[in-house]
Every structure is written in structure tokens, then in C-alpha cells.
Amino acid sequence: MDDKWGKAKVGGVLLLVMALVVPLIIIVNSKTCKDGLEVQKECQNATHLKRQLTQAQEGFWEAQAQADACNHTVVNLTASLEVEKAQGQKKQALVEELKEEIKKLNQTLQEKMAEVEQLRKEEEARGNSHTSSSSTTLSPSVAAGLLQLLGLITAVLL
């Protein structure tokens, strides 16, 4: 009987081991277990992708802030350029106006100089040997014209 009992014990132990190993093999290879592992991998990938997305967003926000600053600078520079253009146009108009005034004054000066020369010739033609005060001095209108021209030229040069 001991022999039957011994065989029964060995058979029972084998049966018990098989009963424990078979479900363990089934559990390890089961679809649920495989799905769980795959979900875990996907979760790790998603976490990694989320980190990458966060970094990309931060880089985008930084670039956006730089672009906004550049756009603000461009707007300011454009406004300054427009002001400078307007000032340049005003200065150019003033220069043209002053050139025209100088041209008129030069014409007046030429006319007054011709007038003085004509008076000198008339004085010589009369045979007047005395030097009169009118022939050696400029007329008041010629002197005023010369002073005005001198003042205008000084203003332009300064």
C-alpha cells in the first residue's frame, strides 16, 4: 500500500504542479497581458511625445515673442522713416525757395550794379572832375539788397 500511496503522492504533486503551471503559462501568454504591455509602451510613447510637444510649443512661443518684437521695431522704424522723409521734403522745399530768393536777389544786384555803372559813365560823360558822393557810394536800395543777400547766404550756410 505504501507503493500505491507513494505513486498517488507523486501523481498528486505532478497534478498540483501542472495545475499551477498551466494557468501561469496561460496568463503569461494571454492576450490581456500582451495588450497591457502594449498599452504601457504606448503610454510611454505618449508621454515622450507630450514632452516633445511641450518643448516645441515653448520654442514656438519664444519665436512668436521675437517676431512680435521685430514687428514692433519695424513699425517704429517705418514711422521714423516717414517723419524723416517729411522733414527732408520740407528742407528740400526750403532750399528751393532760398535758391529762388538768391536768384532774385542776384538779379536785383546785377540790375543795381548796372545802374551804378550807368550813373558812373554818365558822371564821366559830364566831365565832372570832382568826385561826387553819389558816384562813390552805393545807393540805399543797392546797399539794402546787398545786405539782404549777405544775410540770406549766411542763413543758408548755417
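A salt bridge is a side-chain nitrogen of Lys or Arg within 4 Å of a carboxyl oxygen of Asp or Glu. Keep that in mind for the tour, and start by selecting Lys112 and Glu115: their closest N and O atoms are 3.8 Å apart, so by that cut-off they form a salt bridge.

**Before going further**

What you have open is a predicted model, where local features need pLDDT of at least 70 and side-chain atom pairs count only at pLDDT 80 or more, while totals for chains, interfaces and linings use all residues. Residues are numbered from 1 along each chain as its sequence is written, and side-chain values use heavy atoms, with hydrogens and water left out.

**The whole chain**

Now show the chain as a cartoon. You will find four helices and zero strands, giving the pattern α-α-α-α along the sequence. Helices (H or I, at least four residues) and strands (E, at least two) are DSSP runs, numbered from the N terminus.

Next, colour by pLDDT, the predictor's confidence in each residue, from 0 to 100. The chain's average is 82, and 87% of the residues score at least 70. Where is confidence lowest, and where is it highest? Helix α3 (residues 133-136) has the lowest mean, 50, and helix α2 (residues 31-125) the highest, 90. Where pLDDT is low, the predicted coordinates should not be read in detail.

Switch on the surface. About 13,700 Å² of the chain is exposed, with 64% of that supplied by carbon and sulfur atoms; accessible areas come from the Shrake-Rupley method with a 1.4 Å probe, and for residues only the protein chains shown count as cover. Of the 158 residues, 6% are buried. Here, buried means under 20% relative accessible area, exposed over 50%, and partly exposed in between (1.4 Å probe, protein chains only).

**Stop one: helix α1**

Select Val13, Val17, Val21 and Ile25, which make a nonpolar surface patch of about 320 Å². Patches are made of residues with over 30% relative accessible area and no salt bridge; like charges are joined within 9 Å, and nonpolar side chains (Val, Leu, Ile, Met, Phe, Trp, Tyr) within 5 Å. Zoom in on Ile25, in helix α1 (residues 2-28). Ile25 counts as partly exposed because its relative accessibility is 47%.

**Stop two: two cysteines**

Pick Cys43, partly exposed at 47% relative accessible area, and then Cys70, also partly exposed, at 48%. How many disulfides does a search of the whole structure find? Zero, where a disulfide is a pair of cysteine sulfur atoms within 2.5 Å.

**Stop three: charged pairs of helix α2**

The whole structure holds five salt bridges. Return to Lys112 and Glu115: both lie in helix α2, three residues apart, about one turn of the helix. Glu115 is partly exposed, at 39% relative accessibility.

Move along to Glu124 and Arg120, whose salt bridge has its closest N and O atoms 2.4 Å apart. These two also sit in helix α2, four residues apart, about one turn of the helix. Arg120 is partly exposed, at 33%. Add Glu117 to the selection, and you have a network of salt bridges linking Glu117, Arg120 and Glu124.

**Last stop: Glu123 and Arg126**

Is Glu123, in helix α2, buried or exposed? Glu123 counts as buried, because its relative accessibility is 14%. Its partner Arg126 is exposed, at 62%. Their side chains meet in a salt bridge (3.3 Å, N to O).
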